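Let's take a walk through this fold together, strand by strand, with a few stops along the way. Keep the viewer open as you read.

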Amino acid sequence: MAPNKYYVAPFRWSKTVWIISIISTIVLIGTAIMCLITPELAEGFGRYVLTALLLPLPVVCFCLSPRYLCLYGPTLIIKRWVGSVTIPVGDIISVTEAERKTVMFSKRTMGNGGMFGYYGHYHNHLYGKFRMFATDTSNLYLIRTHKRNFVINCSNPELIAKLREMIQK
């Protein structure tokens with residue numbers, strides 16, 4: 001790879017992610033506000049606890065959602081609004097296309113299934129345990145490493161081709 005040469009693929013939200021995100025945010029914030037202004041819904045201190053749990057949830061989900069994928073030097077970086085996930089290219093065993101149906105019917109062990117994206121820890125019988133970072137269910141790829149598996153969506157075929165080329169060496 002040439003010095004300072006990098007490949008980037010932004011995570012663009014699908015229509016489904018937009019709809020789920022908008023509806024979920026409205027319901028969560030609306031429920032929190034209703035708990036505060038309607039005393040019959042939650043009595044005493046409990047309504048403040050419920051509000052304190054519901055209000056920050058959309059913000060936390062947004063902050064953990066993936067922004068873009070970057071292949072820079074010997075590292076694949078999944079950039080989020082808060083924090084990044086780095087995968088050393090030397091640890092990658094294979095990059096293959098992941099079947100949409102298999103991925104979408106995976107069990108979420110600690111993951112988010114649509115609010116600002118699909119991310120977190122998942123499991124299914126075919127791929128085993130994996131971490132997913134996607135905002136669209138098209139162009140899904142399974143990245144197998146020595147330590148764990150990842151499923152990402154990538155709209156830049158040049159990035160995937162370069163990643164595959166790098167792991168062949």
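In what order do the four strands of the open sheet lie, and is their pairing parallel or antiparallel? Keep in mind that what you're looking at is a predicted model. The order is simply 1-2-3-4, and the pairing is antiparallel. Strand 1 and strand 4 (84–88) form the edges, each pairing on one side only. On average, neighbouring strands of this sheet are turned by 15° against each other, ignoring direction.

Let's start at one edge. Strand 1 covers residues 6–10, and V8 sits in it. Is V8 buried or exposed, or something in between? Its relative accessibility is 34%, so V8 counts as partly exposed, since that class lies between the 20% cut-off for buried and the 50% cut-off for exposed. Setting aside its neighbours within four places in sequence, V8 touches Y68, L69, C70, N156 and L159. For another look at what lies across the chain from V8, try P66: 58 residues separate the two along the chain, while their C-alpha atoms are 13 Å apart.

Now hop over to the other edge. Strand 3 (residues 75–80) and strand 4 run antiparallel and are joined by five bridges. If you want one pair to click on, take K79, whose bridge partner in strand 4 is S84.

Next, move along to strand 8 and the strands it pairs with. Strand 8 spans residues 128–134, and five of its seven residues are buried, so it is mostly covered. What does strand 8 pair with? Strand 7 (residues 117–124) runs antiparallel to it, with seven bridges between them, and a hairpin of three residues makes the connection from strand 7 to strand 8. Within that pairing, Y119 stands opposite F133 in strand 8. Strand 8 also pairs with strand 10 (residues 149–153), this time in parallel and through four bridges. There, M132 faces V151 of strand 10. As a general point for reading such pairs, side chains in a regular strand alternate between the two faces of the sheet.

The loops around here have a couple of backbone oddities. Most residues other than glycine have a negative phi. Which way does F116 go? It has a positive phi of about 70° although it is not a glycine. You'll find F116 in the loop between strand 6 (107–114) and strand 7, and with a relative accessible area of 10%, it is buried. N139 is another case, with a positive phi of about 55° and, again, no glycine identity to go with it. N139 belongs to the loop between strand 8 and strand 9 (140–145). At 43% relative accessibility, N139 counts as partly exposed.

One last stop: the cysteines. How many disulfides does the structure hold? Zero. Take C35, which is in no disulfide: the nearest cysteine sulfur belongs to C61 and is 18 Å away. A disulfide would need the two sulfur atoms within 2.5 Å, so C35 has no partner. C35 is also buried, with a relative accessible area of 5%. C61 is in no disulfide either, and its nearest cysteine sulfur, that of C63, is 9.5 Å away. Like C35, C61 counts as buried, at 13% relative accessibility.

Technical notes. Residues numbered from 1 in each chain as written. Predicted model: local features only at pLDDT ≥ 70, side-chain atom pairs only at ≥ 80, totals over all residues. Heavy atoms only, no water. Helix = DSSP H or I, 4+ residues; strand = E, 2+ residues; numbered from the N terminus. Buried < 20%, exposed > 50% of the residue type's maximum accessible area, 1.4 Å probe, protein only. Contact = heavy atoms within 4.5 Å. Pairing = 2+ DSSP bridges. Axes fitted to C-alpha atoms, helices over the stretch in contact; angles between N-to-C directions.
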